[in-house]
Amino acid sequence: ITDKKAHEIALSESNEFNREVISSALEGIAVTDLEMRYLIWNPGMEKISGKQAADVIGKTISEVFDSEWEPTAIASFKKTVNGEVCDLPLLEIAASSEGPAKWIFRNVAPMRNAKDKIIGTISRIRDVTAAKLADMALVDNEERYRTLVEASAQIVWTADARGYLTSMSKAFERMTGLSVDDSHYRDWALA
């Protein structure tokens with residue numbers, strides 16, 4: 001094998017490896033050129049967006065996205081081609097006939113060539129619906145707990161691992177004459 005042929009084989013294997021990495025990523029990955037045309041749209045993007053690569057590659061951001069995503073996508077593109085990395089606000093996609101509501105994390109960074117020149121953008125999109133729903137359930141549970149404790153005629157309190165009071169019911173305050181503000185860092189057994 002000549003050096004040239006060995007180099008061609010190594011380059012081909014490297015390119016195939018890079019394609020496999022992008023295709024295997026669970027996150028959505030999309031790459032645009034400086035004219036806002038999509039060059040790469042991986043299976044993760046297909047799953048999250050519901051848009052197939054064949055329908056996206058070669059089209060511009062405006063041709064691909066509806067009014068819900070387009071303004072943010074174009075604004076982040078403009079910042080990114082000027083060298084900024086954009087962590088965009090969590091996007092809530094309302095429930096529709098296509099499925100339940102979901103929340104999407106989006107990040108856009110400059111795509112640079114070997115000479116460090118910006119040649120486009122690379123976007124990462126992640127469906128964070130499970131984490132968002134868990135967070136919402138936690139907030140809801142905490143609110144129900146607070147409501148239950150406040151309405152209870154029973155003496156209810158919480159203490160940290162050291163035994164210091166961290167919260168208490170109104171009944172506990174009435175019985176001991178203490179308030180949460182008075183009792184922070186105070187051993188509950190002394191109340």
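**Exercise 1. In this predicted model, determine which residues W41 contacts beyond its neighbours within four places in sequence, and place W41 in the nonpolar core.**

*Solution.* Step 1. Once the neighbours within four places in sequence are set aside, the contacts of W41 are I29, A30, E46, S49, K51, Q52, A53, V56, I57, V64 and F65.

Step 2. The largest nonpolar core has 17 residues, and W41 belongs to the group that touches the most other members, together with Y38, I61, V64, F65 and I104. V64 and F65 also appear among the contacts of W41.

Step 3. Two or more core residues come from each of strand 2 (38-41), helix 2 (43-49), helix 3 (53-56), helix 4 (61-64), helix 5 (70-80) and strand 3 (86-93). Helix 5 gives the largest share, three residues.

Step 4. As background, nonpolar side chains in soluble globular proteins tend to be buried together.

**Exercise 2. Classify T129 and A75 as buried, partly exposed or exposed.**

*Solution.* Step 1. T129 is located in helix 6 (residues 129-151). Its relative accessibility is 11%, and the cut-off for buried is under 20%; T129 is therefore buried.

Step 2. Apart from neighbours within four places in sequence, T129 contacts A101, K102 and W103.

Step 3. A75 belongs to helix 5. Because its relative accessible area is 38%, A75 counts as partly exposed.

Step 4. A75 and C86 are 11 residues apart along the chain, and their C-alpha atoms are separated by 9.7 Å.

**Exercise 3. Describe the largest cavity: its volume, its lining and the elements that supply the lining.**

*Solution.* Step 1. Searching the whole structure yields one cavity of 30 Å³ or more. The volume of the largest cavity is about 180 Å³.

Step 2. Its lining comprises 17 residues, of which Y38, A73, S76, V108 and S123 are the closest to the centre.

Step 3. At least two lining residues are supplied by each of strand 1 (28-33), helix 5, strand 4 (102-112) and strand 5 (118-127). The largest share, four residues, is that of helix 5.

Step 4. The lining divides by class into 11 nonpolar, five polar and one charged residues.

**Exercise 4. Identify the residues that line the second largest pocket and sort them by class.**

*Solution.* Step 1. The pocket has a volume of about 190 Å³, and its lining consists of A25, L26, P43, G44, K47, I48, K102 and D127.

Step 2. Helix 2 contributes the largest share of this lining, four residues.

Step 3. By class, four lining residues are nonpolar, one is polar and three are charged.

Key:
Residues numbered from 1 in each chain as written. Predicted model: local features only at pLDDT ≥ 70, side-chain atom pairs only at ≥ 80, totals over all residues. Heavy atoms only, no water. Core = buried A, V, L, I, M, F, W, Y, C linked by side-chain atoms within 4.5 Å. Buried < 20%, exposed > 50% of the residue type's maximum accessible area, 1.4 Å probe, protein only. Contact = heavy atoms within 4.5 Å. 1 Å grid on protein atoms, 1.4 Å probe; cavity = no way out; pocket = protein on both sides within 12 Å on 5 of 7 lines; lining within 4 Å. Points joined across faces, edges and corners; volume = space filled by probe spheres on them. Nonpolar A, V, L, I, M, F, W, Y, C, P; charged D, E, K, R; others polar.
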